[in-house]
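Work through the exercises below with the coordinates loaded. Each one has a task, then a solution in steps.

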Amino acid sequence: MILTVLRFIQGVGVGGEWGGSVLMSMEWARNDRSRGFIASWPQFGVPCGLFLANLAVLAFSQMSGENFLSWGWRIPFALSLVLVGVGLYIRLGILETPVFAKLVAERKVERAPMLAVIKQYPKEILLSALARMGEQAPFYIFTAFIFSYGTDALHVSRNFLLTAVLSASVLSFVSIPLFGHISDRIGRKNMYMIGAAVTVVFGFIYFAMLNTGSEKVIFLAVILSLIPHDMLYGPQAALIAESFTGRLRYSGSSLGYQLASIIAGGPAPLIATWLYGTYHSAFAIAIYIAACAVITLVATALMTDYTGRDISGEYPSR
């Protein structure tokens, strides 16, 4: 129960963490033509965290053996305090961005930014959340649900799956900033919609590969699973943050981003489990992934593309 409460508090904290890190990166970009690449680096933290978390679980499950569920799992949590200290040290040494400094100098800082952004940018908040459906829901299926599906349905070992997810996260070290960079060249919306279109079909390919039962093919499927995700996640930070004017960007992007965690990310493994238990076929889960990606396609098509445009000034009033 304590762990669940602490996890909830951590989730609330992520609402400020993500928005702040993206804005600090993006608004310090030297020019408007590299925001997709610069803003993708906070996203880089996801595969890093995935790698470190699974590596820690793999290592301490080996060390503690049968006692992992009683005490071994606690050690990775305790070690994460080191990362908290590193993050706090970095944050205390970072200056505010030029965009925010300009807002302060011009006395345009909102007193109640959350209320203001909900009033002025409800469409952008909703579209930002829906645009994450095709990224967020499949991610939790590819990195969380795979463990129960792999051990129960495919009868492969948990450590085998941990190693496969570890390998996938290493590939994401390259693919996330790469797709962020490509979005600077071909446009944020174009890159994002290509990723969503790939996700529509990839779910079927993914489960077909898993269901071969071959460990080599399963391993390859897990590694490839994060590529469609990264096609979306790389340009996503800039796509969402650019949708809001500077004085409301922090609140608007954070609200839109985290709303997706409630409607897409959190329920995804539960929905996948229910679908498999009800229909006894992974095909139903692939349809769910495709449906989420279609929602992303529609939402993204309705968003405004600010690739390469100046975002330091005030957007037209809404």
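**Exercise 1. Place Val-174, then relate Val-174 to Tyr-279 in sequence and in space.**

Solution. The model is predicted. Step 1: Val-174 sits in helix 10. Step 2: its relative accessibility is 55%. The cut-off for exposed is over 50%, so Val-174 counts as exposed. Step 3: Val-174 and Tyr-279 are 105 residues apart in sequence. In space, their C-alpha atoms are 37 Å apart.

**Exercise 2. Do the same for Val-104 and Thr-4.**

Solution. Step 1: helix 6, residues 98-105, contains Val-104. Step 2: Val-104 has 45% relative accessibility and counts as partly exposed. Step 3: the sequence separation between Val-104 and Thr-4 is 100 residues. From C-alpha to C-alpha they are 39 Å apart.

**Exercise 3. Is Tyr-306 buried or exposed, and what distance separates its C-alpha from that of Ala-241?**

Solution. Step 1: Tyr-306 belongs to the segment after helix 15. Step 2: its relative accessibility is 7%. Buried means under 20%, so Tyr-306 is buried. Step 3: Tyr-306 and Ala-241 are 65 residues apart along the chain. Their C-alpha atoms are separated by 9.8 Å.

**Exercise 4. Compare the end-to-end reach of helix 11 with its expected span, and locate the kink.**

Solution. Step 1: helix 11 covers residues 188-210, which makes 23 residues. Step 2: the expected span is 1.5 Å times one less than the number of residues. For helix 11 that gives 33 Å. Step 3: from first C-alpha to last, helix 11 reaches 32 Å, close to the expected value. Step 4: helix 11 nevertheless has a kink of about 40°, centred on Val-201.

**Exercise 5. Which residues touch the most other members of the largest nonpolar core, and which helix supplies the largest share?**

Solution. Step 1: the largest nonpolar core holds 40 residues. Step 2: Ile-141, Ile-146, Tyr-206, Phe-207 and Leu-210 touch the most other members. Step 3: list the helices that each supply at least two residues of this core. They are helix 3 (45-64), helix 9 (133-152), helix 10 (158-186), helix 11, helix 12 (215-241), helix 14 (268-279) and helix 15 (283-301). Step 4: helix 9 gives the largest share, nine residues. As background, nonpolar side chains tend to be buried together in soluble globular proteins.

**Exercise 6. Trace the salt bridges of Glu-242.**

Solution. Step 1: a search of the whole structure gives eight salt bridges. Step 2: Arg-35 pairs with Glu-242, with the closest N and O atoms 2.8 Å apart. Arg-35 is in helix 2 (residues 35-43) and Glu-242 is in the loop between helix 12 and helix 13 (249-265), so this bridge ties together parts 207 residues apart in sequence. Both Arg-35 and Glu-242 are buried. Step 3: Arg-188 also bridges to Glu-242, again with closest N and O atoms 2.8 Å apart. Arg-188 is in helix 11, and this pair links parts of the chain 54 residues apart. Arg-188 is buried, as is Glu-242. Step 4: collect the network. Salt bridges link Asp-32, Arg-35, Asp-184, Arg-188 and Glu-242.

**Exercise 7. Characterise the pair Arg-132 and Glu-135.**

Solution. Step 1: the two form a salt bridge, the closest N and O atoms being 3.1 Å apart. Step 2: Arg-132 has a relative accessible area of 1%, so Arg-132 is buried. Step 3: Glu-135 has 1% relative accessibility and is also buried.

**Exercise 8. Examine the phi angles of His-155 and His-280.**

Solution. Step 1: recall the background. Most residues other than glycine have a negative phi. Step 2: His-155 has a positive phi of about 60°. His-155 lies in the loop between helix 9 and helix 10. Its relative accessible area is 63%, so His-155 is exposed. Step 3: His-280 has a positive phi of about 55°. The loop between helix 14 and helix 15 holds His-280. His-280 is exposed, at 64%.

**Exercise 9. Which residues make the nonpolar surface patch of about 770 Å²?**

Solution. Step 1: the members are Trp-28, Val-82, Val-86, Tyr-89, Ile-90, Ile-94 and Leu-95. Step 2: take Tyr-89, in helix 5 (residues 74-92). Tyr-89 has 68% relative accessibility and counts as exposed.

Notes:
Residues are numbered from 1 along each chain as its sequence is written. This is a predicted model: local features need pLDDT of at least 70, side-chain atom pairs count only at pLDDT 80 or more; totals for chains, interfaces and linings use all residues. Side-chain values use heavy atoms; hydrogens and water are left out. Patches are made of residues with over 30% relative accessible area and no salt bridge: like charges are joined within 9 Å, nonpolar side chains (Val, Leu, Ile, Met, Phe, Trp, Tyr) within 5 Å. Accessible areas come from the Shrake-Rupley method with a 1.4 Å probe; for residues, only the protein chains shown count as cover. A salt bridge is a side-chain nitrogen of Lys or Arg within 4 Å of a carboxyl oxygen of Asp or Glu. Helices (H or I, at least four residues) and strands (E, at least two) are DSSP runs, numbered from the N terminus. Buried means under 20% relative accessible area, exposed over 50%, partly exposed in between (1.4 Å probe, protein chains only). The bend at a residue is the angle between axes fitted to the seven residues ending there and the seven starting there. A nonpolar core is a set of buried Ala, Val, Leu, Ile, Met, Phe, Trp, Tyr and Cys residues joined through side-chain atoms within 4.5 Å.
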